[in-house]
Amino acid sequence: MPVRGTGEGGEASRWTGAIRVIPNIEADRAKLRLTAMYRATDDFQVGIELNPLAPDIGPIANWRAMSETKNRPALIFGTSSDRIGTPHGRAIYGTFSKDLENWTGIPIAPYAGVSFGTYDDEFVGIGGLVIRWADRFTPTSLYDGHNLHHIANYNFDKASFGIVVAEQDDDYYAGITFATSFGK
């Protein structure tokens, strides 16, 4: 999960690096994932993903095509490796997301969309829910079209640490994530 730390003057950091480790999961590609992203604009990030145990390397990108407003969800397109647990493949996705706290009084932000994965060569519905229980603690549940995964993140100034529980065909695997941002 990207971290948007701020530099001097409240400016968002340009670079983000992340690592995810799920040591006992069956797919080598999912055991170790490294990413580096560059925020070219507030709406566009581009980077690289390395899964060294597979070995697998590929581009990652996110483009916010439409910003969220009081009444309209954001529309985001992106690409990354295919879902957790696949031995290879890329995914291209589009999602709508909306922070519903102003409407519901509950600090939740769901998203829903469609992803095309090249491993299964299919379109699947995807979705998730972020809950902001506290300023620094944000659990997220996400459905990748096949399995449900959960991440509980604790956010620091320019970093986050998380616990991951990934489902793979009714088995569950625990791991950790760490992300940090740097540069202006």
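Strands E8 and E9 are linked by a hairpin of five residues in this predicted model. The two strands run antiparallel and are joined by four bridges, with E9 covering residues 137-143. One pairing to look for here is that of Val130, whose bridge partner in E9 is Thr140.

On the other side of the story, E8 (residues 122-131) also pairs with E7 (residues 108-117), again in the antiparallel sense, and this pairing extends over ten bridges. Ile108 has Ile131 of E8 as its bridge partner. The hairpin of E7 and E8 has four residues between the strands, and Asp121 takes a positive phi near 55° there.

Turning to strand E10, which spans residues 148-155, we come to Asn155. Its side chain makes a polar contact with the side chain of Thr138, at 3.5 Å. Setting aside residues up to four places away in sequence, Asn155 touches Arg136 and Ser160 as well as Thr138.

The largest nonpolar core brings together nine residues, among them Ile84, Ile151 and Tyr173. Ile22, Ala30, Val164 and Ala166 also belong to this core. Ile22 offers a helpful view of the surroundings: beyond its neighbours within four places in sequence, Ile22 is in contact with the core residues Ala30, Val164, Ala166 and Tyr173, and also with Lys31, Ala174 and Gly175. In soluble globular proteins, nonpolar side chains tend to be buried together.

As for confidence, the protein chain averages a pLDDT of 92, and 93% of the residues score at least 70. Residues 1-10 call for some care, with a pLDDT below 50; this stretch nonetheless has 29 contacts in the model beyond near neighbours in sequence.

Technical notes: Residues are numbered from 1 along each chain as its sequence is written. This is a predicted model: local features need pLDDT of at least 70, side-chain atom pairs count only at pLDDT 80 or more; totals for chains, interfaces and linings use all residues. Side-chain values use heavy atoms; hydrogens and water are left out. pLDDT is the predictor's confidence in each residue, from 0 to 100. Contact means heavy atoms within 4.5 Å. A polar contact is a pair of N or O atoms within 3.5 Å; within protein, one must be able to donate a hydrogen and the other to accept it, and residues adjacent in sequence count only if both atoms are side-chain atoms. A nonpolar core is a set of buried Ala, Val, Leu, Ile, Met, Phe, Trp, Tyr and Cys residues joined through side-chain atoms within 4.5 Å. Buried means under 20% relative accessible area, exposed over 50%, partly exposed in between (1.4 Å probe, protein chains only). Two strands pair if DSSP finds at least two bridges between them.
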